Amino acid sequence: MLHGRGVAVRLTEVEAYLGERDPGSHAFRGRTRRNAVMFGPPGRLYVYFTYGMHVCANVVCSPEGEATAVLLRAGEVVAGHELARRRRTTSRSDADLARGPARLCVALGIRLDDDGADLGIAGEPGPSGEPGPSGAGAPGDRLRLEPGEPVAPARIRQGPRTGVSGEGGSAAYPWRFWIEGQPSVSPYRAHTPRRRPAAVRRPS
DNA sequence: AGCCGGATCCGCT
DNA sequence: GCGGATCCGGCTT
């Protein structure tokens, strides 16, 4: 369960990225400004910008110095539907509100400047961030990750990661996990290389 | 200084 | 099912 910003989501699909040895990981070529949070302490949000218009979020899972993270690919909105619908105006159904990593971020109001945010999962009270007078669930309350209802092991499925090019997208890295039969799980798509537009000669 | 491709989404066919 | 949108990070020159 990911709470905050007035919406709560039950995670239904994730992908694991296992540090610098993983060819599909942003950390594969070492630490950079963008992926620096991955190398930091666990329980923080790693948020990145992609395709010129989308943001996606990961939870850092490894001790400081390593760079393992879990990409939040999809979830089921379980509270704050109205607010989530307002943020996701193009969504045609509630199952689509957080179906896909960029959609999930929009539904939860996660932005690029949430990169590095402490999710408060280490049992620590968190950075002086009490729910506040507005109360939990109010817009602006801080993001936090909490255990949800246990999922029956028989319902958990595992397969290749979506949208990852090259070696990292192969069946050798079956580190996508999802809940069987959950409508919010995003459809699997193998990576399709983008053909870039032919160069246009512009008159001067 | 430039280029290339990307852990995607949406609308149209 | 397919292509366009749209721009930044990271690597090459």
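This section describes the protein surface around DNA strand B and the pairing of three strands in a predicted model.

Local features were taken at pLDDT of at least 70 and side-chain atom pairs at pLDDT 80 or more, while totals for chains, interfaces and linings use all residues. Residues are numbered from 1 along each chain as its sequence is written, chains are lettered from A in the order in which they are written, and side-chain values use heavy atoms, with hydrogens and water left out.

A residue was taken as near the DNA if one of its heavy atoms lies within 4 Å of it. Around DNA strand B there are 22 residues, of which His54, Asn58, Arg88, Arg103 and Ser165 come nearest. By class, seven are nonpolar (Ala, Val, Leu, Ile, Met, Phe, Trp, Tyr, Cys and Pro), five charged (Asp, Glu, Lys and Arg) and ten polar (the others, Gly among them). On the DNA side, sugar or phosphate accounts for 58% of the atoms within 4 Å of the protein, and bases for the rest.

Polar contacts (pairs of N or O atoms within 3.5 Å) involve both bases and backbone. A polar side-chain atom of His54 lies 2.8 Å from a base oxygen of DNA strand B. Phosphate oxygens of this strand lie 2.5 Å from a side-chain N or O atom of Arg103 and 3.3 Å from one of Arg73. Two or more residues each come from strand S4 (54-60), strand S5 (68-79) and helix H2 (101-108); H2 gives the largest share, three residues. Helices (H or I, at least four residues) and strands (E, at least two) are DSSP runs, numbered from the N terminus.

Strands pair if DSSP finds at least two bridges between them. Strand S8 (residues 176-179) runs antiparallel to S2 (residues 7-18), with three bridges, and Arg176 is the partner of Glu15. Four bridges join S8 to S7 (residues 156-159), also antiparallel; here Ile156 is paired with Ile179.

Notes: A polar contact is a pair of N or O atoms within 3.5 Å; within protein, one must be able to donate a hydrogen and the other to accept it, and residues adjacent in sequence count only if both atoms are side-chain atoms.
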